[in-house]
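Colleague: I am new to reading structures, and I would like to understand the reasoning behind the words people use. Could you take me through this one?

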Amino acid sequence: KPLIVPPSPTIRQQAAPMAAAAPGPSSPSPTLPRHNRHRDKAVVIMGATGSGKSQLSVDLATLFPSEIINSDKMQVYSGLDITTNKIPHHDRLGIPHHLIGCVDPGEPTAGAEFTPVDFRALGHSVIRDIISRQKLPLIAGGSNSFVYALLAERFDPDADVFGCLGTDELRYNCCFLWVDVFFPVLDDYLRKRVDDMLDSGMFEELVRHYDPDRVDPPVRTGLRKAIGVPEFDRCFRRYPPKRSDTWTGLDPTQRACYEEAVTEIKENTCHLAKRQIGKILRLRDAGWDLQRLDATEALRAAMTAGKGRKWAEIWQCQVLGPGAEIVKRFLQE
Ligand code: ATP
């Protein structure tokens with residue numbers, strides 16, 4: 001088992017204006033019918049990798065007193081911050097982020113894995129804690145199996161999460177925002193994002209993380225599954241890197257091999273995005289009331305001119321504005 005930072009011992013449930021105290025799932029009310037039970041409120045931001053979930057979560061948290069809970073299964077681990085695309089500290093604007101970089105990936109050969117069951121338990125504690133501080137829990141991340149495990153009233157850890165989707169009731173009163181992007185635009189963006197990540201030090205980060213003596217089991221676990229690790233490991237084994245190697249200083253033979261890894265990373269990232277969208281659609285078909293926000297134009301603007309004024313206007317008008325309106329109505333209900 002990986003080492004997990006224990007939840008705060010001061011988990012209390014108090015009446016809160018936005019998210020009133022409710023009997024937790026472990027203590028269902030014996031008297032009230034299920035639909036009448038008062039459930040804690042939470043906002044859930046879903047979407048494929050690269051669609052803008054982190055940006056939206058921070059923007060919403062500046063409008064509504066909130067704290068953010070990460071639901072990306074690779075970002076829960078400490079390490080590989082560039083490779084797993086963790087939101088940098090300076091972009092968090094001082095808003096508390098939970099379950100991000102909080103799990104020690106441990107000995108990679110020991111089979112350490114933070115599971116949906118772990119996420120369900122820890123996530124629930126964090127939600128109760130946030131509510132006790134009279135703040136709104138904002139759950140944001142691309143791992144739909146984690147989101148499902150956290151939210152479903154009944155969760156069977158032995159069943160294949162996406163094989164057993166039903167219209168299960170949710171243990172919180174949820175407002176779902178789905179940040180969607182026209183797939184060809186997202187695909188272009190994700191390929192470009194990999195180049196940007198390499199420019200920001202992803203290669204150097206993976207060189208530091210590489211251990212030539214490590215033998216991975218046939219099925220990788222935990223952070224060793226993060227896109228970028230297996231792809232680069234393969235070529236590091238052929239051309240062992242030196243700790244001082246940098247992406248720009250590679251010799252041509254190494255470079256050709258490493259470029260192959262980059263192509264694979266781009267393919268695998270786009271494939272991940274496609275699978276994530278497929279899972280979101282399944283949740284919607286299972287009855288989750290997802291409010292779709294179209295971030296296509298904002299992403300197009302970010303790609304052509306960076307996150308400047310034009311992007312900010314489009315983001316405000318097409319994503320943040322409508323999203324904030326939905327959250328405002330949800331909190332008034
Ligand atoms: P499943 O449990 O069926 O794999 P999921 O929805 O729980 O799906 P995803 O978040 O889609 O989980 O992650 C699936 C895989 O995608 C991960 O095991 C990892 O290989 C890769 N992945 C996901 N998020 C990241 C990330 N932030 N950085 C790098 N790789 C990631």
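Modeller: Happily! In this predicted model, domain 1 (39–182 + 286–332) and domain 2 (187–270) both give residues to the shell around the ligand, so the ligand lies between them.

Colleague: Which helices supply at least two residues of that shell?

Modeller: Helix 3 (144–151) and helix 7 (252–285) do. Helix 7 provides the largest share, 4 residues. In total, 16 residues surround the ligand, and the closest are Lys-73, Ser-143, Ser-145, Lys-225 and Lys-279.

Colleague: What makes the pair formed by Ser-143 and the ligand a polar contact?

Modeller: A polar side-chain atom of Ser-143 lies 2.6 Å from an oxygen atom of the ligand. The cut-off for a pair of N or O atoms is 3.5 Å, so this pair counts. Likewise, a ligand nitrogen is 3.0 Å from an N or O atom in the side chain of Asp-72, and a ligand nitrogen is 3.1 Å from a polar backbone atom of Thr-84. The protein covers 81% of the 610 Å² of accessible area that the ligand has on its own.

Colleague: How many residues of each class are in the shell?

Modeller: There are 4 nonpolar, 7 polar and 5 charged residues.

Colleague: And where does the largest nonpolar core lie?

Modeller: That core has 57 residues, and those touching the most other members include Phe-176, Phe-232 and Trp-288. Helix 7 gives the most to this core, with 7 residues. Both domain 1 and domain 2 give residues to the core, so the core lies between them.

How values were computed:
Residues are numbered from 1 along each chain as its sequence is written. This is a predicted model: local features need pLDDT of at least 70, side-chain atom pairs count only at pLDDT 80 or more; totals for chains, interfaces and linings use all residues. Side-chain values use heavy atoms; hydrogens and water are left out. A residue is near a molecule or strand if one of its heavy atoms lies within 4 Å of it. A polar contact is a pair of N or O atoms within 3.5 Å; within protein, one must be able to donate a hydrogen and the other to accept it, and residues adjacent in sequence count only if both atoms are side-chain atoms. Accessible areas come from the Shrake-Rupley method with a 1.4 Å probe; for residues, only the protein chains shown count as cover. Ala, Val, Leu, Ile, Met, Phe, Trp, Tyr, Cys and Pro count as nonpolar, Asp, Glu, Lys and Arg as charged, and the others, Gly among them, as polar. Domain bounds come from an automatic or database domain assignment. A nonpolar core is a set of buried Ala, Val, Leu, Ile, Met, Phe, Trp, Tyr and Cys residues joined through side-chain atoms within 4.5 Å. Buried means under 20% relative accessible area, exposed over 50%, partly exposed in between (1.4 Å probe, protein chains only).
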